[in-house]
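Trainee: Can we go through the backbone oddities in this one? I have the viewer open.

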Amino acid sequence: MRVRIFLHRLSRISILGLSLLPCTGSFSQSPRAQRTNVPKMWNDAAMSTLEVPLANPSDSPKQAPASYYYRIPVRPIYKQYAVYAPGREPAGYMEWLKQQEPVLLWSDTAHKPKLETETDWIKAGEIVFSAPIFSEAGDQGVVALADVRTPAWYEKSGMPISRDGILPYLHYVIREKGKVELGSFSCAMCHSRVMPDGSVIKGAQGNFPLERAEKFSPRPQPPLPLIRAFNHALYSVPWLHPDPIAWVDDMSADQILDLLQTIPPGVVSRHRATPIDPVQVPDLIGVRDRHYLDRTGLQQHHSAVDLMRYAALNQGADALASFDGFIFVDLPSFKELPDPADPVRVNGRYSDEQLYALTLYIYSLKPPPNPNKFDAAAARGHKIFQRERCSACHTPPLYTNNKLTPADGFKVPADHRAKYDILPISVGTDPGLTLKTRRGTGYYKVPSLKGVWYRSMFGHSGWCATLEDWLDPARLDDDYIPTGFKPYGAKTYAVEGHPF
């Protein structure tokens, strides 16, 4: 949720692995299989141990109880339509959209897709993947109709578009005939990648330039007090003194927007992180084999139901968690849970059925064909990889050992060694994300190296735009100029840790 949605909702009195354990439920191989038993995802006991404790464990989140969560209404999913860049839209397209009847694809009552075979479930999961959380008409929302229909917005923000002229991160939605809305904050918004040739990889590390899209919107910016309040809601760590987001109270609106421009596509200042410790957007392809989710290893991942929980949390449910009494959805008091049926403050949830389908779709994702062949140079690189013992942490075939590595300055609690898979060494990377944010566990997970050829912005905060930059010893020097994320106001910045 970004500033514009925040303002819109506040104006209405609110802010708004190797194969893992088998999926819960089973499928017959026959074309007319019986429906699977969908796991009840939000379980109080499981939710209490799902996340690795924060570096300051007393402030670890306590999730809303299941009795509250299941009272939140399920979001209906409507048919989505492609968003074309100016000059690429078919003639009469917008008028045609206005003539379309609303098509309800999935609700918690009568409307559901066919869910009989595993193929059916995966197709249904793709519907959930592209379904927007927010659908707004006019000038409302994080990204609005005024933005996607303004040529300068594309040019100034560096907005990637597909070879067909489509903006794959967003969709038009028809919930009322004659009213075209722009849908945003689907899974696809952050996990679609437009490649240099205009092809689109679904589920990959996305490259939607979120912060730049906001800065170059033709709409007026919200008032400064609301921008500051928004930043506190998403990023405050009230148990740290000073609060790492306290600087926002001394900045102008333009300075805050300029700060956000330091964050390149492929990196995001997501909730529970901060704009000074942003997060590299993860690649979801191959996530089935990952034992920890988030750069800080925040959530354990042992089965499909765990990914269902992760999706629910990251599509709004963790805004309801209490961080030792701090509940960020409850602005300005940050103390109380809102009415679960309040459509403005809580904004609905996915059903367990939808989350299960989404998980099966994500698990089904395959990487695109790798154009880089294993030639003589690659063979020499393989020898170096083995000689330097890279495989000790980036172990084939997953190219990760699925362990956590402690950050400098974090003392591993004695009981953690029995609960989690922990390396006894630190690689010395910047500890800010894992010690000074609400995602901070004191650890970073060992990332997989699979798919690095189509990814970018390396390091957990995306300092290096390419793998070649990450492997450049010069990045350790104080006069280094990062090719990816560079902290606001810094002319040079040493990207420390993991030396070669």
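Mentor: What follows covers cis peptide bonds and positive phi values in this predicted model.

Trainee: Start with the cis bonds. Which residue is joined to Pro242 by one?

Mentor: His241 is; the peptide bond between His241 and Pro242 is cis, with omega about 0 degrees.

Trainee: And where does Pro242 sit?

Mentor: Pro242 is in the loop between α10 (224-235) and α11 (253-260).

Trainee: What about Pro396 and Pro397, what is omega there?

Mentor: About 5 degrees, and that peptide bond is cis. Pro397 belongs to the loop that runs between α14 (376-387) and β13 (404-406).

Trainee: Switching to phi. What is the value for Tyr399?

Mentor: Phi of Tyr399 is near 60 degrees, which is positive, and the residue is not a glycine. Tyr399 lies in the loop between α14 and β13, where Pro397 is also found.

Trainee: Is Tyr399 buried, partly exposed or exposed?

Mentor: Partly exposed, because its relative accessibility is 30% and that class lies between the 20% and 50% cut-offs.

Trainee: Now Asn347. What does its phi look like?

Mentor: Near 65 degrees, so another non-glycine residue with a positive value. Asn347 is located in the loop between α12 (304-314) and α13 (352-364).

Trainee: Buried or exposed, that Asn347?

Mentor: Buried: the relative accessible area of Asn347 is 16%, and buried means under 20%.

Trainee: Quick recap of the cis bonds, then?

Mentor: His241 to Pro242, and Pro396 to Pro397.

Technical notes:
Residues numbered from 1 in each chain as written. Predicted model: local features only at pLDDT ≥ 70, side-chain atom pairs only at ≥ 80, totals over all residues. Heavy atoms only, no water. Helix = DSSP H or I, 4+ residues; strand = E, 2+ residues; numbered from the N terminus. Buried < 20%, exposed > 50% of the residue type's maximum accessible area, 1.4 Å probe, protein only.
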